[in-house]
Amino acid sequence: MTIIPIIIWLGGTKFQDRKAKKDAKRNLFFTLMANRKTTTILKEKVDALNLIDVVFQDDKKVRQAWKDYHNSLNSLSPDFPNNNSFALDLLSEMALSLGYKELKQTEIDRFYEPVQFTKEQELKNNLAKENLRVLLASKSCSESFTEEELRTRQNETKED
C-alpha cells in the first residue's frame, strides 16, 4: 500500500519533467518564429539560439540544422549569402520536432513587419547618430568648441 503513492509521485514527476522540456522547446521555437526576420538584433533571439543545443539535446536533426545555420552566420562562410535558407531549415526542423508537420517553409518564411516599425527604427538610429555628433562637437551640453578646438578634437578622435 505504501508503494502506490510512490509510483504515482514518480509518474507525476516524470510527466512534469516531459511537459517542462516540451514547453521549453515550444517557447524557444515561438521566440525564434516571432523574431525570425526582425531588422534589429534582439538579445531575446540570440539567447534563444544559444539555448538550442541544450533544449533540443535529444534531437540530432535540429542540432545539425542549428550547426549549419550557425556556420552560415559567419560573414566569411561561403554560405553567408544564403543564411536565410539555413534559418528556414532550422525552424522547419524545430517545427517537425514539435509536431507542426503541416507548417511549410513558405509559411515559415512569410513575415509581417509594418512599415511604421522600420520608420521608427530609422528614426531612433538617426537620433542616436545626431546625439553622438553633437556630443563629439561639444565641450559640455551648453558650450560648443571653437573652430580650432573642434579641428583638434576631430584629429584626436581620428588617431584613436
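## Close-up views of a predicted model

**Figure 1. Confidence along the chain, from helix 6 to helix 3.** Helix 6 (residues 115-136) has the lowest mean pLDDT among the elements of the chain, at 73, while helix 3 has the highest, at 97. Keep in mind that this is a predicted model. Over the whole chain, the mean pLDDT comes to 84, and 86% of the residues get to 70 or more.

**Figure 2. Helix 3 and its buried side.** Here's helix 3, which runs over residues 60-72. Its 13 residues should span 18 Å at 1.5 Å a residue, and the end C-alpha atoms do sit 18 Å apart, so expectation and model agree. Which residues of helix 3 are buried? They are Val62, Ala65, Trp66, Tyr69 and Ser72. These residues cover an arc of only 125° around the axis, so they sit on the same side of helix 3.

**Figure 3. A closer look at Tyr69.** Tyr69 belongs to helix 3. Its relative accessible area is 9%, and because the cut-off for buried is under 20%, Tyr69 counts as buried. Asn82 comes 13 residues away along the chain, and the C-alpha atoms of Tyr69 and Asn82 are 9.5 Å apart. Tyr69 also turns up in the next two views: it's one of the residues nearest the centre of the largest pocket, and it helps line the largest cavity.

**Figure 4. The largest pocket and its lining.** This pocket holds about 300 Å³ of space. Its lining is made up of 17 residues, and the ones nearest the centre are Ile41, Lys45, Leu49, Tyr69 and Leu73. Helix 2 (43-55), helix 3 (60-72) and helix 4 (83-97) each put at least two residues into the lining. Which helix gives the most? That's helix 2, with four residues. Sorted by class, the pocket lining has eight nonpolar residues, six polar ones and three charged ones.

**Figure 5. The largest cavity, one of two.** The structure holds two cavities of 30 Å³ or more. The largest cavity has a volume of about 70 Å³. Around it you'll find Leu32, Arg36, Lys45, Leu49, Tyr69, Ala87, Leu90 and Leu91. Helix 2 and helix 4 are the elements that give two or more residues to this lining, and helix 4 has the largest share, with three residues. What is the make-up of the lining by class? Six residues are nonpolar, none are polar and two are charged. Lys45, Leu49 and Tyr69 are among the residues lining this cavity, and they are also among those nearest the centre of the largest pocket.

**Figure 6. The second largest cavity.** About 30 Å³ of space lies in this one. Its lining consists of Arg36, Lys37, Asn84, Ala87, Leu88, Leu91, Ile108 and Asp109. The elements that supply two or more of these residues are helix 4 and helix 5 (105-109). Helix 4 gives the most, with four residues. By class, the lining comes out as four nonpolar, one polar and three charged residues. Look for Arg36, Ala87 and Leu91 here; those residues line the largest cavity too.

Terms used
Residues are numbered from 1 along each chain as its sequence is written. This is a predicted model: local features need pLDDT of at least 70, side-chain atom pairs count only at pLDDT 80 or more; totals for chains, interfaces and linings use all residues. Side-chain values use heavy atoms; hydrogens and water are left out. On a 1 Å grid over the protein atoms alone, a cavity is a set of points where a 1.4 Å probe fits but cannot get out, and a pocket is an open set with protein on both sides within 12 Å along at least five of seven lines; lining residues have an atom within 4 Å of a point. Grid points are joined across faces, edges and corners, and a volume is the space filled by probe spheres set on the points. Ala, Val, Leu, Ile, Met, Phe, Trp, Tyr, Cys and Pro count as nonpolar, Asp, Glu, Lys and Arg as charged, and the others, Gly among them, as polar. pLDDT is the predictor's confidence in each residue, from 0 to 100. The expected span of a helix is 1.5 Å times one less than its number of residues. Buried means under 20% relative accessible area, exposed over 50%, partly exposed in between (1.4 Å probe, protein chains only). The arc is that of the directions from the helix axis to the C-beta atoms.
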